[in-house]
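Biologist: Got the model open? I'd like to go through it with you, starting with the overall fold.

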Amino acid sequence: MRADWVAASVRARSMAQRRVGAGTCRELSTLPDLPAAVEALEGSVYSDQLSSARTLSSAQQATRRTVLWQLRVLAGWLPAGGTPLVRAAAARFEADNILALAAALRAGPGTTAGPAAPATPASTGVAAMPASAPPASVPPAAAAFDLGGLAMAWPRLRTADSTETLFAMLAASPWGDPDTETALPDLLTAVWLRRLASTAPAARPWAVAGAVLTAARLLLVDRIRPSDRLVSLLRPLIGTGWTEAASLAELTSALSPAAGQVLAEVQEPHELWQAEARVAAQVEADGFNLLRAGLPGPDVVLGAMAVLAADAWRVRAALAAAAAGFGRSEVLDAVA
C-alpha cells in the first residue's frame, strides 16, 4: 500500500459517491423542460454551478465547471508526484479555453472568450472523454474555465491579442505547432489524448477510443484528410494505416483489433455518436473497476475522475432531453 496516496484515494471514493447516477439522469430526461431539470438537481454536486444557468448551453457548461472544480479539489489531496495525473485530465479544459480564445480573436474586438460548448450530446471524457468532435460554439458572455494550478500554458496563452500571437505561443508551449486554425481542435484533442495515455497507463484504452472516433469523424463525416502532424500525434495510439480509409469497413480493418472494436456496432458514419456514447459507458465501467482496486494509489484517483466525468456527461444528456421536451434521451438509451 502506498501510504502517501491513502488520503487522496479516500477523498476520491467519497467524491465519486456524490454522483447523481444513471437512474436519476434517466428521470431528469423525462422532465418537461430545462428549469424543471435544473430544479431537480438542487442539492446535488452540480447545484452551485447550475444556480445561474438559464439556457441549455450554460447549464451544460455548468456541469463541466463542476467536473473541473472536482479535479482541482482532488489535486489538493494528492501527494507531490500525483499532480501530473490530474493536470493531464484537466488539459481538456485548457484546450477548450484555447479554442474559445481563438474564436474570439477571429471574431474581433469586443468578443468575450468563453469555454466552447460540446459539439454533440455524447461528448464525454475524464474531462470530457473521448472528445471525438471539436467544440462547436462559444457562449458570448461565458468566462474561461478557471484551471488554477492545473493549467499547462493557459496563463500565458490567454494574453494573446491576435491569432498570429496565439499560434506562436502555442508552438512554443507543450501544445506544440497548431498547424492551421481549421486543424486546431483535432490537434489539441490529439495532444490531450497522448498526454493522458502517457501519464495514466490505465487510461490508454480510452485515449485509443478517442483517437479512433476522431479519425472516423475526420475521414467519414468531414471528409478531410488528416494533416501530417495529426497523423504523427495519433500514431502511438492507432498507427498510421487508417489515413487513407474511405469507408467504415476500410477504417476498421486498418486498425488493431482492440481499436477497431470501438466501431464494431457502427453501420453508417452518422451513427458514430452511438459509438461515442458506448465508449463513455465503458469509461464509466472502467472507472468503477479502478475505484474498487484494493490498494490506494493513482488508479483509484483516475477511476474517480472517470466516474465523475461520466456522470456529468449523463447529466448533460438528460438536460438536453428535458430542454427539448422529448420525454426521453436517445443518448442515454444508447447506453442503457
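Biologist: What does the secondary structure of the protein chain come to?

Modeller: We get 16 helices and zero strands. Those are DSSP runs numbered from the N terminus, with helices being H or I of at least four residues and strands E of at least two. Keep in mind that this is a predicted model: local features need pLDDT of at least 70, side-chain atom pairs count only at pLDDT 80 or more, and totals for chains, interfaces and linings use all residues. Residues are numbered from 1 along each chain as its sequence is written, and side-chain values use heavy atoms, with hydrogens and water left out.

Biologist: How much of the protein chain counts as buried?

Modeller: 55% of the 336 residues. Buried means under 20% relative accessible area, exposed is over 50%, and partly exposed is in between, with a 1.4 Å probe and protein chains only. The accessible surface is about 13,700 Å², and carbon and sulfur atoms hold 53% of that; the method is Shrake-Rupley with a 1.4 Å probe.

Biologist: And the contacts, what share joins residues at least 24 apart?

Modeller: 69%, counted among contacts between residues at least 6 apart in sequence. A contact means heavy atoms within 4.5 Å.

Biologist: Switching to pockets. How much space lies in the largest one?

Modeller: About 420 Å³. There are 17 lining residues, and Ala258, Gln261, Val262, Val279 and Gln282 are the closest to the centre. On a 1 Å grid over the protein atoms alone, a pocket is an open set of points with protein on both sides within 12 Å along at least five of seven lines, a cavity is a set where a 1.4 Å probe fits but cannot get out, and lining residues have an atom within 4 Å of a point. Points are joined across faces, edges and corners, and a volume is the space filled by probe spheres set on them.

Biologist: Which element gives the most to that lining?

Modeller: H14, with five residues. The elements giving two or more are helix H10 (204–221), helix H13 (257–260) and H14 itself (272–291).

Biologist: How does the lining divide by residue type?

Modeller: Eleven nonpolar, three polar and three charged. Nonpolar covers Ala, Val, Leu, Ile, Met, Phe, Trp, Tyr, Cys and Pro, charged covers Asp, Glu, Lys and Arg, and the others, Gly among them, are polar.

Biologist: How many cavities of 30 Å³ or more are there?

Modeller: Two. The second largest holds about 30 Å³, and its lining includes Trp175, Asp177 and Arg229. Helix H9 (residues 184–199) gives the largest share of that lining, four residues.

Biologist: How many aromatic pairs turn up?

Modeller: One in the whole structure. Phe93 and Phe145 sit edge-to-face, 5.0 Å centre to centre with 75 degrees between the planes. Rings of Phe, Tyr and Trp (its six-membered ring) pair if their centres lie within 6.5 Å; planes under 30 degrees apart are stacked, over 60 edge-to-face and the rest tilted.

Biologist: Which parts does that pair tie together?

Modeller: Phe93 lies in helix H6 (residues 83–107) and Phe145 in the loop between H6 and helix H7 (154–157), so the pair ties together parts 52 residues apart in sequence. Phe93 is buried at 0% relative accessible area, and Phe145 is buried at 1%.

Biologist: Now Gln60, is that buried or exposed?

Modeller: Gln60 is buried, at 13% relative accessibility. Leaving aside residues up to four places away in sequence, Gln60 touches Arg316 and Ala320.
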